[in-house]
Structures are given as C-alpha cells and as structure tokens.
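Trainee: Pick one spot where helices pack and take me through it slowly, please. I'd like the geometry first, then who touches whom.

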Amino acid sequence: MQFADREDTREKLLKQVWTEELNDVFADVARYYDRANHVASLGMWNWFRNSFLATIELQSGQKALDVCAGTNAVGLAMLRKQPDLQVYAMDRSTAMQEVGRRLAAREGFRIESVIGDVHKLPFPDNHFDVVTLQWASRHLRIMDVAREIHRVLKPGGHFYHCDMLRPGNRTIERMYYAYLRVSLSVTAVLFRSGIAARNCKKYFIDTLSLFYSVEEFTQLLQHVRFDDVSSKSLLFGMIGFHRARKPRA
C-alpha cells in the first residue's frame, strides 16, 4: 500500500473542510459534544471509552500527551487512574479545550493545554512516555501526525489510538454509513446544531470511506517505524484501538 499516495488523495478531497470549516464545526459542537456522542452511539459511548482506556498502561510520574484532546475526556480518565501523571492536552479548537479546562478544574486536576496544529507538535524529541489520540484521525493527514507522535515519544514509550475506522466488510460498511447519516441528522435536531455542523454531514461519511481499516492502520503505524503494534476492534471493525511502541534502539 502506498500510504503517501493515499494521504495525498485524502488531503486533496478533504482539505477545504480541514482548513476552512472544521474550526467552526468544533466551536459549534463543543457545548454538547459528549452528550451527542452518547446519543449517536445508542448509549455505547462509555463502553467505547472504557474499552480504549483498558488498553492504556500507566505508571506513576509518567508524562502523557493527549493529541486532539477535545474536551479532555481521556486526559481526565488517565488522571483518575494515575493522579500523579503530568498530562498535556493539544487541540486545534479553543472552544473544545475551554470545555475541557472547566471539566478538569471541576475535578481538581491540572492539564496543560496547548492550542495549535497537531501536525507540528511543539515538544522536543523523546519527551513523553505515553501519547494518546482518539476520535480525530480521520480529520488529519494521519501519517504525518503519527511521525510527529513517534518523534516526541521516548524510546520504549507507547502510542494509543482510538477512532471510527472503515470496516473491512463492504456490506457492513454500507450499513454503517446508512446508520451514520440517520444519527447525524437526529443529533443535529436534538442538539440544535448550527449551520457549520449541519453542512458537514456528507464530510463525516467521506472521512470514513477514504480512511483505513483496522488492519491497514496497523500497517501504517509499522510504516512510520513503530513496533510491537497490536489492535482490537469493536462492532465488526467500525471502532478500532491500536497500541504501538517506539523502539528502544
């Protein structure tokens, strides 16, 4: 598989939304993001999150980076599990991170927030023990971000990934997209989404159809020099989790 060609195609077809529309979408959905996901997933959102968190191994005093942190759901969950972590959150959306900061303050946790482009992580080489990325890969030139994550991880450090992926079975894939079209319409009405979010319903389907399956994403991580890559999928490959290590040598 030519990953660079695949990424070029994704960027060509999706770049306008990435650069001109997504900030407005996330500013609109920030206030109801977690509730909408709970509804759209038919109540399975906490199961998805807990299943992902179960793959993450943490140790006292580690330094963790949550990429595309959104409302800090994963960063907070890691701190509940290991309160003496140093957690950094990076996201492009100020609105999402404002929600995340309020949630962290409510629980008495501190998360260092950075707003910026995750394709260029503003951290030194070999800096973090753990890096996480969830529910955002489809909106990124993901091979470039994976390389940046590899760079900022310490040798022996781990990358944990979670996202909606493209099912390997074509029949399930078609059913998946049909359900998403309905659920996106329903949540738009229930939560009174703004124009920016309503106009991106087709985009959200396109991001999946152009994205990777669980197996393909494993190969991509190996391509950017991660090793010990393992994966787990839920719902016939609709949701995928990956764990990968930066080699020690």
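Mentor: Start with the crossing: α4 passes α5 in a right-handed one, meaning that the near helix is turned clockwise from the far one by less than a right angle. Bear in mind that this is a predicted model, where local features need pLDDT of at least 70, side-chain atom pairs count only at pLDDT 80 or more, and totals for chains, interfaces and linings use all residues. Numbering runs from 1 along each chain as its sequence is written, and side-chain values use heavy atoms, with hydrogens and water left out.

Helix α4 covers residues 45–53 and helix α5 residues 73–81 (helices being DSSP runs of H or I, at least four residues, numbered from the N terminus). Their axes come within 11 Å and cross at roughly 55 degrees, so α4 and α5 are oblique to each other (neither under 35, over 145, nor 65 to 115 degrees).

Now the side chains. From α4, R49, F52 and L53 meet A73, V74, A77 and K81 of α5 (contact means heavy atoms within 4.5 Å). Sorted by type, the residues of this contact are five nonpolar, no polar and two charged.

Follow V74 of α5 a step further, and you reach T132, which touches V74. T132 sits in strand β4, residues 128–134 (a strand is a DSSP run of E, at least two residues). With 0% relative accessibility, T132 counts as buried (under 20% relative accessible area, 1.4 Å probe, protein chains only). Leaving aside residues up to four places away in sequence, T132 also touches I56, L65, D66, V67, M78, F159 and Y160.

Notes. Axes are lines fitted to C-alpha atoms, for helices over the stretch in contact, and angles run from 0 to 180 degrees between N-to-C directions. Ala, Val, Leu, Ile, Met, Phe, Trp, Tyr, Cys and Pro count as nonpolar, Asp, Glu, Lys and Arg as charged, and the others, Gly among them, as polar. Buried means under 20% relative accessible area, exposed over 50%, partly exposed in between (1.4 Å probe, protein chains only).
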